[in-house]
Amino acid sequence: MVRRAALSLLYLGIVPDSFGQMQQIYSEAAHEFGYEAGPEHFGYMLPIHVQDTDEKAYKAGRGFLEALVGVGRVPMPREYSFPPGYSRATMRTSESAAALSAQARAARLNDPFRTGPITDEAYQGMIDANRLVIGSPDTVIRKLREVLARVRPGILGVWTNDGSITHKDTMRCLELFGKEVMPAVRETGKEFELTDPFQREP
């Protein structure tokens with residue numbers, strides 16, 4: 001009988017390729033202990049902001065950047081979120097995780113903790129790398145499908161507002177997400193067989 005773990009790996013706001021490396025590490029460790037990790041063992045949280053048009057979403061979505069640690073209103077040292085040695089310590093456990101992909105390297109170059117104030121180019125880089133999923137319902141559905149295909153989480157955390165995103169924009173985002181995006185995400189989850197922790201016995 002295959003044993004399954006009760007614990008899941010939940011990652012917050014990271015590049016999909018980098019999360020894939022962490023999944024590989026988890027899966028290899030799980031295999032050593034006698035079970036195969038599935039989507040139900042992985043959670044992934046994304047900043048997602050939806051507006052009626054891509055242009056409106058792009059403008060409102062910049063509010064996320066003001067809430068980032070070390071940027072805007074919350075000045076803190078980089079070590080607060082990135083303890084020394086943390087990433088390298090996890091990367092060394094898996095040969096497959098040794099090399100960052102081109103996408104992950106590009107995202108690191110656009111890392112606000114590395115570059116200081118976030119430029120339009122850096123903001124666009126974060127969107128292109130799917131660190132932020134921002135746009136109209138059609139754009140967000142398409143980009144979430146790309147993320148779910150790559151990351152395959154059984155749990156998707158949705159972070160819809162922060163920083164200077166207004167209450168009005170937040171409420172419109174929630175309305176559009178609930179009516180248009182969520183049904184499509186549910187269908188994508190079924191299509192990709194993204195089982196959640198409640199669909200599998202521990």
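Helices (H or I, at least four residues) and strands (E, at least two) are DSSP runs, numbered from the N terminus. By that count the protein has nine helices and four strands. From the N terminus on, the elements run β-α-β-α-α-α-α-α-α-β-α-β-α.

This is a predicted model, where local features need pLDDT of at least 70, side-chain atom pairs count only at pLDDT 80 or more, and totals for chains, interfaces and linings use all residues. Residues are numbered from 1 along each chain as its sequence is written, and side-chain values use heavy atoms, with hydrogens and water left out.

**Stop 1: colour by confidence**

Colour by pLDDT, the predictor's confidence in each residue, from 0 to 100. The mean is 78, and 67% of the residues reach 70 or more. Select residues 1-6: pLDDT is below 50 there. Even so, this stretch has 17 contacts in the model beyond near neighbours in sequence. Contact means heavy atoms within 4.5 Å. Next select residues 88-110, where pLDDT stays under 50. The model has 41 contacts beyond four places in sequence for residues 88-110. Where pLDDT is low, the predicted coordinates should not be read in detail.

**Stop 2: the whole chain**

Show all 202 residues; 42% of them count as buried. Buried means under 20% relative accessible area, exposed over 50%, and partly exposed in between (1.4 Å probe, protein chains only). Among contacts with a separation of 6 or more, 77% join residues 24 or more positions apart.

**Stop 3: helix α2**

Select residues 54-61, helix α2. Which residues of α2 are buried? They are A57, A60 and G61. Look down the axis of α2: the buried residues fall within an arc of 95 degrees, so they line one face of the helix. The arc is that of the directions from the helix axis to the C-beta atoms. An α-helix has 3.6 residues a turn, so residues three or four places apart point the same way. Turn to the other side of α2 and find E55 and K59, both exposed. Now add what covers the buried residues of α2, including β2 (42-50), α3 (63-66), α7 (120-128), β3 (133-135) and α9 (167-191).

**Stop 4: α7 and N130**

Stay on α7. Its buried residues are A122, Y123, G125, M126 and I127. Step on to N130, in the loop between α7 and β3. Just after α7, N130 takes a positive phi of about 60 degrees. Is N130 buried or exposed? N130 counts as buried, because its relative accessibility is 6%. Show side chains: that of N130 makes a polar contact with the side chain of K143 at 2.8 Å. A polar contact is a pair of N or O atoms within 3.5 Å; within protein, one must be able to donate a hydrogen and the other to accept it, and residues adjacent in sequence count only if both atoms are side-chain atoms. Leaving aside neighbours within four places in sequence, N130 is in contact with P16, L46, K143, E146 and V147.

**Stop 5: L174 in α9**

Select L174, in helix α9. L174 is partly exposed, with a relative accessible area of 41%. Add H49, 125 residues apart from L174 along the chain. Their C-alpha atoms are separated by 8.5 Å.
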